[in-house]
Amino acid sequence: MRIIFGMYLDGVPWSNQLASIGEVRTGPWGLLSILETRLGLSGLPVHPVHRIDEYMRRMEHIDCDTAWFHNSFADDPWSTARQMLMWRDELVEAGWQGDMNTVSSLRLQALTELENLDLPLSPGRPERLRKVIKQLEKGNKVGIASINLVEPWKLLPPVWGYLMGLLQEQGVRIGQLPQPTGSKHTSNLAAVQNILLGNAGHGLVPLKDDSLVLLEADNEWQAAEHLALWLAAAPDFNEQVTIICGSDTSILDQALKRRGLPCLGRAEISRWRQVQQILPLMLANAWKPVDIRLLVEMLSLTKTPFPWFVCHSLLRAIAEEPGVGGRAWEMALDEIETSYRERLAKHGDTQSAEKARQYVQQLQGILVEERFDPGEGIPEGVLRDRCQKVINWLGKGLDKDPMLIEIVSQAREMQKIALGKGKIPRVTLERMLDTVIGAGSQNLDIYEESASWHVVDHPGQVIEPCREIIWWGFQDPMTSSSTYWSQPERSELQAAGVFIEEARCFRHREAKAWQQAFLNAKERFIAIYIARMDGEAVSHHPYWDTICQAVTQTGKEYTGEEARKMVVRKCKEFDNQENWAFAGRNHTLKKVDGAKPVELIPAYRVPEKVIKPKAKLSYSQISALIACPMKWALQYYAGLSLPQSQAIPSGNQMLGTLCHRIVEELYAVQKQWQPEAAAKGAGNLYDQLLPSMASELLLEGRMVEKHRYREEIIRAIYTLVEAINRYGLTVEATEAPLEGEINGISLTGYADLLLRDHGGQAFVLDMKWSISAKYMRQEVEDGSALQLATYAWMLKNAEAAPDVHAGYFMLAQGQFISDSPLLGSNAVIPARSLEETWDMAVATLDEVWNDLEQGSLKAHGIEELWTHMQSGESFDKIRAQRQEQYLEKGMLYLNPLCEYCDFGRLCGWSGGSK
Ligand code: SF4
């Protein structure tokens, strides 16, 4: 066997020849495996997670207040064990056996104490390497004829240098692969290579030389298009091209595919694919208090652990009340039970009722009741059970989605390491999971395709001369720094025969690998630096500076800037050229038609008499119809809405709902309250309802907010009750149903509070929680308070009373806003009565329906945008003019509020049409 050994050669093809026998190219892992096989030492590898677990048990065994690692271990045992094990492995690989006396370092003393414990620790790579060395020291033969080193022997890590010595002693020929000599042409590439080799050579070749190009791209798409075009321009010449993949090639692969070329398939591994979230979310939802966002994330997964109808019902409940265990949640569970029972009964199950009841109990158990204090930890049995549930759910789809196999095996690993742990605190569990999941997994849909060019993952893998080398992703490789060992530690270790590589040796080897790739380019070297990756600015590769420095030295007759310009190009310089020419290849490009922004359509043609209100109208529908018929059509006619996971109330919306509920509960008990008693009751209800209606406030770090909102809500209830009493009103009903009919369509709504004065006059009060009362007051003043007008009209219909009153109560500000004379001097003076406002609204609705009948669907926001683009006038002015025009026709104008509309991208208001 003849081996070519390089520190970066793990994972490369064994040979580049068309046919070869007995020739292997490999790195340290590959060589270790070959030697183990030859020496009969092969064994089953152990997942690192088990070794960390075993080492953690060793640390637990000697942990005490004075232990060197005690404080870190108390905070995060898993991470501390992982770090200590990493140091220990580094030492063992270098020959440490834990038997030396140390006085200089508490770290070494702790490691020594741990090493000498009689507790199991599965062998890892260091043990495997030391075993091989032991066998070689005994003179056991491995039957290798020769090893050619890519890096000079002295640049190998000490342990590998020693191992090579042992092989040489048993007759293995250790040679050195010829070092690259650079290009023999007269070119900029050759000139710079000569400088780097320390040779005298010619200077820069000024014109039309593109043998050395440092190409700058603004982003991955620009770089990908450019490289794909270059490769497609001369496919017959790609055989002698070597591509170094310095970064993810997903975007490049898409560009290659568009040009009919094979993919490189170097998508970065990721742990953030949706399917990989199942296990972490299943475990993250095992802690107290309920984190509603995490629960929503789990229920919203495309491949969720629960059936779709379960997720749908629960998400809808959470969108109504962002918590668990409340009224909406219970109703959802009832709905699920009914649905499940009906499904079972449909299949003839005679025990459908009992099974459905148990099913809902299990759900409630997993999602709500089976939760544990993060500090105390989750019992190992429950953890294993949760993992088993994931295994059972995913097990059904293993044949369809190979990625599930990995998730199942991660769940199994978690089960194994949970054994014997009793209770596992949250920090430890999350670290364990991190280690089990590791960096993540490959996207199995992307793989390298057969191509004429050669692809490598590291410059150190370019070990032969190549005609053209492309370095894709010439960015800072961001290699992690090596362990810091202090000088006294190193001295003691060296005295014991343990030699740990210095950081500078590692850096030197790395820099040599970069240079090796560069010097192996015979005719062309193109390095593609992408200035922004994933939208983030990145620095170029350190070797960029080395090349630029050499360019400056080579082109002595030019200024540094001139010399630099001869090799540095920008992708955008090649844009918009009919005759595209780059680095020896040409392409004739056809101009594509300029992309036109989406045309703004203020009124869509739709089939006549088709779009019309369905059976029922509500205030929200009327408001949408008047403000923007397009919005109404999308939301209420077509039934489009945001996914439930994005509609979870938070902030003011959540507080408003909670406050409404507190008022409802208070007045359900008694109809008359004194402010102090109501405030006390509100405080109690706040505490009771928080888990079901605002559970996010129970999370760690939200204590201050939770108390602040409690105070604010108590104050709001106090002022509300005080105002009701002050104006001589009594509460007749909360959430009082109201109804009416408009053009033969029923109209329904619910008044937050239905009040009565001493004379029996009705007062509809709508409560709002908002940071400012300004806009609601403005509405009432302007006579555009459609909600009040609608409720007042419905109430008047029901009571056949001449006078009804309506108003807003701004909870956060404690303000009553109404034009009712019952408020005396505090009443707002409106521009028109609520009755007049309602009449104007009806006139507007008539026109909207008339338009729809005739097949015209208007997007009012687009009409305003269109006017703005044509005239340049401000939106405020345009809206004021429209309001005037509506007024002249006796109609009500409402601002479409496009900024808050979910359909802006559908109608063209946002997303590039402007
Ligand atoms: S963004 Fe504006 S114009 Fe478009 S549908 Fe929504 S409200 Fe109407």
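The largest nonpolar core of this predicted model contains 89 residues, and Leu295, Leu367 and Met414 have the most contacts inside it. Helix H17 supplies the largest share of this core, eight residues. Domain 2 (48-123) and domain 3 (188-238 + 447-588) each contribute at least three residues to this core.

**Cores**

- Leu367 touches Leu295, Met298, Phe306, Leu314 and Trp329, with residues up to four places away in sequence not counted.
- Another core, of 60 residues, lies apart from the largest one; Ala792, Ala806, Met810 and Leu865 are among its members.

**Overall build and confidence**

- The protein chain has 33 helices and 23 strands.
- Of its 914 residues, 51% count as buried.
- The radius of gyration of the protein chain is 37 Å, whereas a compact globule of 914 residues would have one near 29 Å.
- Along the principal axes, the C-alpha trace spans about 115 × 75 × 60 Å.
- Among contacts in the protein chain with a separation of 6 or more, 73% are between residues 24 or more positions apart.
- The mean pLDDT of the protein chain is 91, and 98% of the residues reach 70 or more.
- Among the elements, helix H22 (residues 560-565) has the lowest mean pLDDT, 83, and strand S23 (residues 856-858) has the highest, 97.

**Domains**

- The domain assignment gives domain 1 (2-44 + 132-176), domain 2 (48-123), domain 3 (188-238 + 447-588), domain 4 (596-646 + 728-914) and domain 5 (649-726).
- The centres of domain 1 and domain 3, taken over C-alpha atoms, are separated by 29 Å.
- Between these two domains, 15 residues of domain 1 are in contact with 14 residues of domain 3.

**Helix H2**

- Helix H2 (residues 48-62) has 15 residues and reaches 22 Å from its first C-alpha to its last, close to the 21 Å expected at 1.5 Å a residue.
- Because 11 of the 15 residues of H2 are buried, the helix is largely enclosed by the rest of the structure.
- The buried residues of H2 include the charged-name entries Arg51, Asp53, Glu54 and Arg58, as well as Val49, His50, Ile52, Tyr55, Met56, Met59 and Ile62.
- These buried residues pack against helix H3 (70-75), helix H4 (77-93), helix H5 (106-115), helix H6 (125-137), helix H17 (403-418) and helix H18 (426-437).
- H17 therefore appears in two places: as a packing partner of the buried residues of H2 and as the source of the largest share of the 89-residue core.

**Helix H25**

- Helix H25 (residues 651-669) has 19 residues, which should span 27 Å at 1.5 Å a residue; its end C-alpha atoms are 28 Å apart, so the two agree.
- The buried residues of H25 are Met654, Leu655, Gly656, Leu658, Cys659, Arg661, Ile662, Val663, Glu664, Leu666 and Tyr667.
- The cover over the buried residues of H25 includes H14, helix H26 (675-693), helix H27 (703-726), strand S18 (730-742), strand S19 (745-756) and strand S20 (762-768).

**Backbone features in loops**

- The peptide bond from Lys288 to Pro289 is cis, with omega near -15°.
- Pro289 is in the loop between helix H11 (278-284) and helix H12 (292-300).
- Asp534 is not a glycine, yet has a positive phi of about 50°.
- Asp534 sits in the loop between strand S11 (521-533) and strand S12 (536-537), and is exposed, with a relative accessible area of 67%.
- Leu897 is not a glycine either, and has a positive phi of about 50°.
- Leu897 is placed in the loop between helix H32 (875-888) and helix H33 (904-907), and is partly exposed, with a relative accessible area of 41%.

**Gly326**

- Gly326 lies in the loop between helix H13 (308-320) and helix H14 (327-346).
- Gly326 has 8% relative accessibility and so counts as buried.
- Leaving aside neighbours within four places in sequence, Gly326 is in contact with Glu321 and Ser692.
- Gly326 and Pro157 are 169 residues apart in sequence, and their C-alpha atoms are 63 Å apart in space.

Methods:
Residues numbered from 1 in each chain as written. Predicted model: local features only at pLDDT ≥ 70, side-chain atom pairs only at ≥ 80, totals over all residues. Heavy atoms only, no water. Helix = DSSP H or I, 4+ residues; strand = E, 2+ residues; numbered from the N terminus. Expected span 1.5 Å × (residues − 1). Buried < 20%, exposed > 50% of the residue type's maximum accessible area, 1.4 Å probe, protein only. Contact = heavy atoms within 4.5 Å. Core = buried A, V, L, I, M, F, W, Y, C linked by side-chain atoms within 4.5 Å. Domains from an automatic or database assignment. pLDDT = per-residue confidence, 0-100. Rg over C-alpha atoms; globule rule 2.2 N^0.38 Å.
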